[in-house]
Structures are given as C-alpha cells and as structure tokens.
Amino acid sequence: MSHTPDAASGNRDFWVRLQRIDRRWIFLVLFVGVVVPYFTPLGCRVRPSDPTRKLYDFIDKLPERKPVMISFDYGPGSAAELDPMAVAIARHCFKKNLRLIGVTLDPTGALLIRKAFEKAGKDLGKKMHEDWVSLGYKPGGGVVVLGIGGGLDTVFATDSEGKPYGEIPALEGVRNYDDIGIVVDLASSAAPDIWIRYAREAFKANLACGVTGVMVAAYYPYLQTGQFIGILGGLKGAAEYEQLTEAPGDGQIGMDSQSVAHLIVIALVILGNVASIASRRGPRG
Amino acid sequence: MEHPGFWHVFSVWVAALLTLIAYSFLYKDNPAYRFVEALFVGVSAGYGLAIVYRDVVIPDLWKPIHDEGDLLRLIPAVIGVLMLSRFHPKISWLSRWPMAFTIGIGAGMSIPATIQANILKQVQGTMVSPVVLDKATAMENAVASVSNVVLIIGVLSVLAYFFFSKEHTGGYGRFCKLGIYFLMFSFGASFGYTVMARVSLLIGRVTFLLYDWLHVGAVLLR
Amino acid sequence: MRTQVPVAIAFIAGVVMVIQFFVPTHHSMALRDTLLAWTRIISAFALVVGIGSLVSINISKLRRLSPGWIYAIVTLAGFAVMAVFGILGTKEAAAPAWRHTLDRCYQWLFDNVQVPMDATIFSLLAFFIASAAYRTFRARTFEASLLLAAALLVMVGRVPLGVEIGAKLHEAIWGGSTTAPVTPEWLQSLTEWVLNCPNTAAQRAIMFGAALAAVAQALRIIVGIERPYMSGS
C-alpha cells in the first residue's frame, strides 16, 4: 500500500497534534482511572514481598510488652503513603500486645502520631500512656537519634501531653535502644540515613523503615547489608503489611486504583513514544 | 461544640472544599487556588512555631529552668537567641556563633558514623562470593551466584564511571559504559516508584472525597 | 571576633564529637549528651529564624502593596491564628478550660485545614508526572530505553494487577505445571531482583561517592576551610 505525500503529511500532523494534546485531557483520564475502581473493584490479591515479610516476621517474634518505636518522619503531604503503614504496623504490635512509642524528627509529624495509634488501637481497647505514648517532636535530626542512645528520657522529658517520662507506664523500663525491640522509621525525607548512622551503627539498634515510593530504590543497599531488617515501599508496602496482618486498610483500598493508574501511565508512555516516532517520519519524495 | 455530628460534617466539608479548590489549579491557575496556597503557607508556619513552643520551649527550657532550677539550660537558650540577631543587620554577625556550634557538632558526629554506615558496611556488603553453593537447589545456587556477580560488577563499573582521573577509552571505557547502563536501570526503577508514590497521594485524596465526604464507593472498608 | 570565634567554635565542637566517638568514657559520653541537649535547643531557634523570615517577607510585601499583597494578608492571618491557638492551647490537665478549648481549635485547624491542603497540593504531582511521562519519556537512545524498561517493569511488577497479569501469562504458557522454570509470581520476583541487584549496585556506588564527599566536607568545616555559618549574616 502506498501513501501520497499529502496523506503522509496529514498522518504526521495527526501524531504531532497528539503529542501537543491539552494536558488537561491527560489529567482527566488519570483521575477517572483512579476513581472507577472504587465503584468496580478489580479484586486483585496483594502478594507480600520479601522486605515486607521480614519486618512482619521480626515484629511477630518479639516478646509481649516489648516496646517498639515508630518514628513518624513525615508530614500530611506524604501521609497518604505512610499513614496506612503506621496503622498497619501499630495494629500488628497491639495484637501482639507490644508497647508502642511514637517520636518524630519532622515537626509536621507530631500530630499524626496520636491519630495513627488511636486508629490502630481503637478496636483492641489500647490506651494512651498504658499501651502507647506519643513523645512528639524534637529538632536536630541526628542529634535526637544519637541522644536517644544516651537515654530516651534525656531527650524526651515529657510526652506530647506534658506528662513526665517517669509517670508513663508505657515507658516503664525503657532507658535507650537496648530496651526497644525495633525502631521503624516511616519517612518522606532522608531520615532513614540518620537512623542508620546514629541508631543502627552507633548503638546496634534493630532498625527497619517504611518510605515513600520516591525513596525506596535508594534504600535497598541497606537491606542487603542487614542494616535494615525490612523495608516497606510506598502504599503497596502498606497494603502488603495489611495483607500479612489480615486487617485490610487504606493500603488495600487503594491498590486497584494504583494498578489502573500505572497501566494508564504505561499506555501514555507508549503512546507518546509511538507519536514521537510517527511524527518524525517525513513523506518520501 | 454541643453537637458532635454537626461538627464532624462541618469539618469534613471544610476539608473537602479546600481539596476541591486546590484541585481547581489543574484546570487553570485562579485566585481561589492562590488563596488556599497562601493560607497553607501561613497555617504551616504558625503550626511550626507552636510545635517548637510546645515540644521544645516548654519541656526543654521553661520547665527545667523554672520548675527544677536547672540554670545550665540558660547557656543554650542564650546561644540560641543569638540566632535571632540575623534580623538586625548591625549585629547579625552574632548569629554565626550558634550556627558554627550546630554545624560543628553535626560535622563532628557525622564523620565516624558516615564512614561506618555508608562506606565500611557497604564495602562489606559488596564482598560477596561470586559462586554460591549453599542453597537448597541448583537453580537457587545459580540465581544467587548470578546476583552476586551482577552486584560486584555493577558497583565496580559505576565507580569506574565516576572516576574521571582516567580517560574513559578502550576496555576501561566500555566498562564505564556498563556503569552507565546500571545507573540507567536504577534511575528507571526510581522513576517507576516515583509514579507509584505520586499516584498514591492522589489515591489518598480520592479516598477522602469518596468515602469520608460523599460516602460512596463499592468497598466501604472503613 | 567576627571570624575567628565562629571558626574556633566549629573546630572545638567538631573535634569533641569525633573524640567522644573513639574514646567512649563515662565523662566523654556525659559531655556528648550535654552538647546534644544544647544543640537540640539551639536548633529550635533555627526553625524560628526560618518562620521569622517568612513572616517578615510577607509583612514587607504588605507594606509595599506589591502584587499579590492580598495573599500576604491570608498568609499572615493563617500564621497568627494557628500560632496563637497552638501556643496558648494545651493538653495539660491542670490548665484552665479555655486553654483546652484553644488546643482543640489548634488540632481542628491542623486536621481540617493544614492536612487536606498539604495532601492535596502534593497530590497535584500525580497529574503532572503523568503528563510529563507522556510528553518527555522517550526511548531515543539505548540508555534511555534501559531507563524506560526498568521504569515500566517496576510500574507493572509492583502493583497487584500487573502481578496478576504475569500469573495469567504463566498459566497460559505452563498451565500450572510444577516443572515451570519460574513461579506464577515471576513478575514480582523479577522486580524484586532488579531492586536487589542492579539497582542496589548503582545506588551503592552513588552512596560511596556521596559518603566520601560528606566526610571530606565535614573535615573541611571542622578545620575551617569551609565556613557555611558565615553566609547570610
């Protein structure tokens, strides 16, 4: 089949126009793709990955009442990815009757701690100060993490409610990292590097992290060396942890939409490449 | 606040309207979006100041000095106040002292920690055997061996690529080229994950709008 | 006074922290803990300086009635309300009831104003990354194709639908045979392998470079060759 130069040029114009399509159409397609699965769920099964399973197994084996520290190193901007992780891990800890200590190196994370622990412990009758405590925010990053090694009470004299350290049952017998089963850093910044350097290397604390998707790839080297016991990556990591604890939450709710949105982006990339190639082909003359 | 039902509905509506106004930017920049953006900046700054007061000033300064008579705490308080001299050009040089102190502490504590966590441990993690024989099956041994070889070659080739004191030509140049391929693979994986992260944030807002605000959706798990 | 003192402070602070690491005696650790406590307090003032700058920029915008001054009012009002509620409000049981009410207002503003705005503004990136992927992600060279391939693999292999499609393909080819060379979750395993091997290798090499640079930079700061604390004052 042969094309006339006019037809070929018309075809090329089509592909050129397609490349310059108003971006708002792309926005609309993505939005619809995310919304539709809420009404017609795909029901795909979430299969937990190894890094998630390793963290789950470690926490599962901790003895009763052992304290677990979660560092909420993120703000509301990344809460959609990390809050589901916090709730899933906290729920697992509460089911195992472990104590939870919440801290943050990010000022915007301070008010997220209580909400996550309350949500996770609501059905299990877990109480603030008895089973969990929010110690709030301290500035300084590495200075705080290193300071905890010297004594948790030297860094946090009171909890975020103003209650003195010594009067909080959830902190009974907790001096430093030696008394904490594991520290899980949930972060949207470079905070995991800080915890690695000043908690893991300086005090041999057991450490794991849950990070936003943007950062996951950068933290795999720490997993291979054993510096991290496990890693949860993005909303999918939260969904995997929920699957292991058999307690569906916001992670699993979002997985169908996540799947469809990824397929849309893949289709867009392919279409963009096809359009780019087709528009570069000139009519032979 | 007598009627919690009303307050809950009102709160959700406020959050939903702010969400929709912020999304209006996708259609076009507009005054309503700029209002929300300005409000966000202001509220965040106010929150930051309040959290410093609540979580630092009260427990770490006021209570130890006022209630326990720990006058040593006055030293960092005075040094910290020097930082505020930045707002007065004539004495702004005084802010260098607290800055020098915190930067010096940070530099000193980071040297041994970085060497341990990011250099020695990573070198150790790269010293893996290229031949693995202790797995359950021959297939697993083969996969583990290939993985270790890929890891070793990958680290060395990327390091070679970043080493600019030797010209990237000949066999060495091809080895450096291999390093670029490893980098591209890693950046691609990061990009894939970045798409995932951004979509997750959108999912968070859609979940809020559909479940918490409109109460619609097929799987009301919450 | 203006130059030598800060250089001396940075040198002493840095050297003390290095020495305490290598000589962890009771006294050196006590000194370390004191210095860390001081640094936490001083760091809080740095945060205040940042907030102060933002406020002063908006006040001067308002004074000059420069374009967008109306938004400066919104920013300053939001700042004032949140700061007042947060500072005067408290959860302490012994405090008067009005302070508890202010604390609830502070929490309400955080939950229903700050959280949705922060989350929504960040989520706008989802739309822009989709648009950018469509317009600019081109496989024009071999290197770009590799980048594209890894991105597509992660995008497919890290979501349940992608893994499900992989499992269906597995069934179509091997029909549930136990002798198949790979498991039905092969796509997820492949993605994990990419992250664990080639990705780890590249990230580790980058980490070596960054760590060596960070150590060199820290040394330069301690000995006073690099003086970041001198800028802006």
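A residue is taken as buried when its relative accessible area is under 20%, as exposed when that area is over 50%, and as partly exposed in between. The structure analysed here is a predicted model. By the stated cut-off, A:Asp131, at 11% relative accessibility, counts as buried. This residue takes part in a salt bridge with A:Arg65, with an N to O distance of 3.2 Å. The pair connects distant parts of the chain, 66 residues apart: A:Asp131 belongs to the loop between helix H5 (110-121) and strand E3 (132-137) of chain A, whereas A:Arg65 belongs to the loop between H3 and strand E1 (67-73) of chain A. The partner, A:Arg65, has a relative accessible area of 30% and is therefore partly exposed.

A second salt bridge in chain A joins the side chains of A:Glu161 and A:Arg114 at 2.8 Å, N to O. Here too the pair links distant parts of the chain, with A:Glu161 in the loop between helix H7 (152-155) and strand E4 (182-187) of chain A and A:Arg114 in helix H5 of chain A, 47 residues apart. A:Glu161 is buried because its relative accessible area is 14%, while A:Arg114, at 26%, counts as partly exposed. In chain B, the side chains of B:Asp29 and B:Arg34 form a salt bridge at 3.9 Å, N to O. B:Asp29 has a relative accessibility of 41% and so counts as partly exposed; B:Arg34, with a relative accessible area of 36%, is likewise partly exposed. Over all chains, the count of salt bridges comes to 24. A network of salt bridges links A:Lys236, A:Glu240, C:Arg158 and C:Glu192.

C:Arg158 also appears in the lining of the largest cavity, together with B:Tyr193 and residues of chain A that include A:Ser49, A:Pro51, A:Thr52, A:Val216 and A:Tyr220. One cavity of 30 Å³ or more is found in a search of the whole structure, and the largest cavity has a volume of about 30 Å³. H3, H9 and strand E6 (231-233) of chain A each contribute at least two residues to its lining. Strand E6 of chain A gives the most, with three residues; A:Ile231, A:Leu232 and A:Gly233 are among the residues that line the cavity.

The second largest pocket encloses about 1,200 Å³ of space. Its lining consists of 29 residues, and those nearest its centre are B:Val143, B:Ser147, C:Ser189, C:Trp193 and C:Asn196. At least two lining residues each are supplied by helix H3 (50-60) and helix H9 (213-224) of chain A, helix H5 (138-162) of chain B and H7 of chain C. Helix H9 of chain A also contains A:Gln224, which is partly exposed because its relative accessible area is 29%.

The C-alpha atoms of A:Gln224 and A:Asn97 are 30 Å apart, with their positions 127 residues apart along the chain. A:Asn97 lies in the loop between helix H4 (79-95) and strand E2 (99-104) of chain A, and its relative accessible area of 22% makes this residue partly exposed. Most residues other than glycine have a negative phi. The phi of A:Asn97, by contrast, is positive, near 55°. A positive phi, near 75°, also occurs at A:His129. A:His129 is placed in the loop between H5 and E3 of chain A, and with a relative accessible area of 14% this residue is buried.

At the level of domains, chain A is divided into domain 1 (5-41 + 256-280) and domain 2 (65-248). The centres of the two domains, taken over C-alpha atoms, are separated by 40 Å.

On the surface, a nonpolar patch is formed by A:Leu263, C:Ile165, C:Leu169, C:Ile173, C:Trp174 and C:Val182, whose accessible area together is about 500 Å². Helix H6 (residues 160-174) of chain C provides the largest share of this patch, four residues. C:Val182 is located in the loop between H6 and helix H7 (186-222) of chain C. With a relative accessibility of 35%, C:Val182 counts as partly exposed.

How values were computed
Residues numbered from 1 in each chain as written. Chains lettered and ligands numbered in written order. Predicted model: local features only at pLDDT ≥ 70, side-chain atom pairs only at ≥ 80, totals over all residues. Heavy atoms only, no water. Patch = residues over 30% accessible without salt bridge, like charges linked within 9 Å, V, L, I, M, F, W, Y side chains within 5 Å. Areas by Shrake-Rupley, 256 points an atom, 1.4 Å probe, with all protein chains shown as cover. Salt bridge = Lys/Arg side-chain N within 4 Å of Asp/Glu carboxyl O. Buried < 20%, exposed > 50% of the residue type's maximum accessible area, 1.4 Å probe, protein only. Domains from an automatic or database assignment. 1 Å grid on protein atoms, 1.4 Å probe; cavity = no way out; pocket = protein on both sides within 12 Å on 5 of 7 lines; lining within 4 Å. Points joined across faces, edges and corners; volume = space filled by probe spheres on them.
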